[in-house]
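Student: Could you take me through this structure step by step, with the reasoning spelled out as we go?

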Amino acid sequence: MSPLDGLMHGLSVALQPSILVFSLLGAILGTFVGVLPGIGAMAAITLLLPISYYISPEAAIVMLAGVYYGAQYGGAVASILLCLPGTPQSVVTTLDGYPLARNGRAGLALFTSMISSFSGSIFGIIVLVLLAGWLSQMATQFGAADYAAMMIMGLIAASTIGSARPAKSLAMVVVGLILGLIGTDVNSGVQRFTFGQTELMDGLNLVALAMGLFGAAEVINNIRKTERHTPPDRVRLSSLVPSWSELKRLPLPILRGASLGSFFGALPGTGSTISSFLAYALERKVSKTPEKFGTGEVEGISGPEAANNSASITAFVPTLTLGIPGDPIMALMLGALVLHGVQPGPQMLEARPDMFWGLVVSFGIGNLFLLLVNLPLIGIWVSMLRIPFRWLYPAIIVFISLGVYSVRGSSLDIAMVAGIGIVGHALAQAKFNPALLLLGFVLGPLIETNLRRAMLISRGDPMVFIERPISCFFVIATVALVIWPLVKVLRDKVSVRQESL
Amino acid sequence: MQRDVHDLWWGGFLALFGLAVAIYAALSYDIGTLRQMGPGFFPLVLGGVLAVLGVLIVIPALMRESEKRPIAWREMLAVSAALLVFGLLLDRVGIAITTPLTVLLATSVAPHKGIVWRLALAAIITVLTWAVFVFALKMPLPVWPRGLVP
């Protein structure tokens, strides 16, 4: 199917009422959780995971994706108006968005973030369409060694890039990998770490794990925090319209941010959060007035917002064409697809055109919808910011329980969520990132299978990872990622010593 | 300021956990060869890596001070209790009784006094739960205690 045919086909799928409703519902829900500090896209997608059993796989994935990109829009609103980023991706937006809002230009900041998010998404969709077709053809040349090397690079990239303590991040990934071992070993049929429990034969339940880490633990973390926010000033629709000179400043940062985001989003291990930070750094570097950044420059909003939105779209490239999730949210998406009996991979474009093209077009429709609806509805989102957390979290707890219970009617699973929630809270207080645990958990079985297959094919010769060009590229990238932080630490030590001399 | 106890505890725990995984795997499962990896190979390697990482977390934490980040014991207890009560009672008495009980348990640690908002919230969430899960999604959930309704 050519991209154009594909898009036409996707349009016919995405416009079906049963799909359209869930796509828009997801987008609105995403904006809602993005606006609310304390609940992120991760938690929202987890909470919706069990409910998605009750709708078709296409509708489910379109809705969950809507939550993901919707949260990017909503996150920016809380960042700009309250300096409280609702999502990690919108942390950078506080830097110049909040100062603008303080100066009475909240409207300009919101408009900039919305239009940049939208343009970034459209750019991301174009890249997704082009890249997915190319990569699914490339993927036929991917061998077991290449898959294994790519996934290992993804895990190491996710835990070292932008992490203050790489050892802690890597430890989370490895704990996830170990938890992923639980259950029946696909190669030998041996029961590993099940300790005779039949419930564990199929492995640890993804829904229970995610609910514990992102539902229960997040609730515990947030009950005490920021009970009352300073209510932001009223934002009028008329103040949203920028002047011509301000409008002229937007296209270039958007283009730069979107290109950057599309690239890093598609790369496993780097995602929208990193893209937004890089885009901010880039805008500052190319600006003629870098000293003004942090005081309310629109470029500081438009670049990062375009970057994180385009990245959140292109993140679907490796997930859908190779079956390899590049970041924790994609790991959850992959989990959702697998729960619905859809195995993403190179055949996905051919075998499930409804799913793939329907999803692509729903990105476009959902983003357009958010652009058109969010600006007029900004007053509603602002009032959402006033909802205290104590009204929400009891509902979240009921939601978690029912969601987990609905998977297989097991009260034991709910108890497990409570236990995982306690561990998750202790991890959060120690500044571990539980999202990486989930990434390791989902990728673990895939890595092991491919690693073992690669070694079997090469007759036990590990050189296969260097001889194959694709895998060699990932091995080099992995080594660079490991060495780079070490070099930085050593250099810092040397410079400290020189200063002390 | 105090020593980074979080990293000390977690680093130590993860190191021991990794060691336990590696030893258990080595004793219980076939390791195999590089060519024919057995079911024990991957766990052994992962356990070893985690043990090393645990030590790497502990060492810098010994020389570092950190802000206090206390564990929220009361919140932890209330949220777990709310979840457990829901899990235990749902089958027996249905959502009409389980949901408000869970909400009241959960709100017991909310940093806001008063009883009216708690009761109102319990009622609202119960109705919403019924509307979303039973009415809209048609989940086969018991609504009332068994035996009360035919």
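Tutor: We will discuss a predicted model, beginning with one chain and then turning to its partner.

Student: How many helices and strands are there in chain A, and why is chain A said to be as compact as a globular protein of its length?

Tutor: Chain A holds 23 helices and two strands. The globule rule gives 23 Å for 501 residues, and chain A is as compact as a globular protein of that length because its radius of gyration is close to that value, at 22 Å.

Student: Which helix supplies the largest share of the side of chain B that touches chain A?

Tutor: In this pairing, 52 residues of chain B are in contact with 53 residues of chain A. Helices H1, H2, H3, H4 and H5 of chain B each supply at least two residues of the side that touches chain A. That side divides into 35 nonpolar, 12 polar and five charged residues. The largest share of it, 12 residues, comes from H3(B).

Student: Which helix of chain B is included in what covers the buried residues of H20(A)?

Tutor: Helix H20 of chain A, residues 411-429, reaches 28 Å from its first C-alpha to its last, close to the 27 Å expected at 1.5 Å a residue. Its buried residues include A:Asp413, A:Ile414, A:His425 and A:Leu427. What covers the buried residues of H20(A) includes H9, H19 and H21 of chain A, together with a helix of chain B, namely H3.

Student: Which residue just after H20(A) takes a positive phi?

Tutor: The place to look is just after the end of H20(A), where a phi of about 60° is found. The residue that takes this positive phi is A:Lys431.

Note on methods: Residues numbered from 1 in each chain as written. Chains lettered and ligands numbered in written order. Predicted model: local features only at pLDDT ≥ 70, side-chain atom pairs only at ≥ 80, totals over all residues. Helix = DSSP H or I, 4+ residues; strand = E, 2+ residues; numbered from the N terminus. Rg over C-alpha atoms; globule rule 2.2 N^0.38 Å. Contact = placed C-beta atoms within 7 Å. Nonpolar A, V, L, I, M, F, W, Y, C, P; charged D, E, K, R; others polar. Expected span 1.5 Å × (residues − 1). Buried ≥ 20, exposed ≤ 12 C-beta atoms within 10 Å, placed from the backbone.
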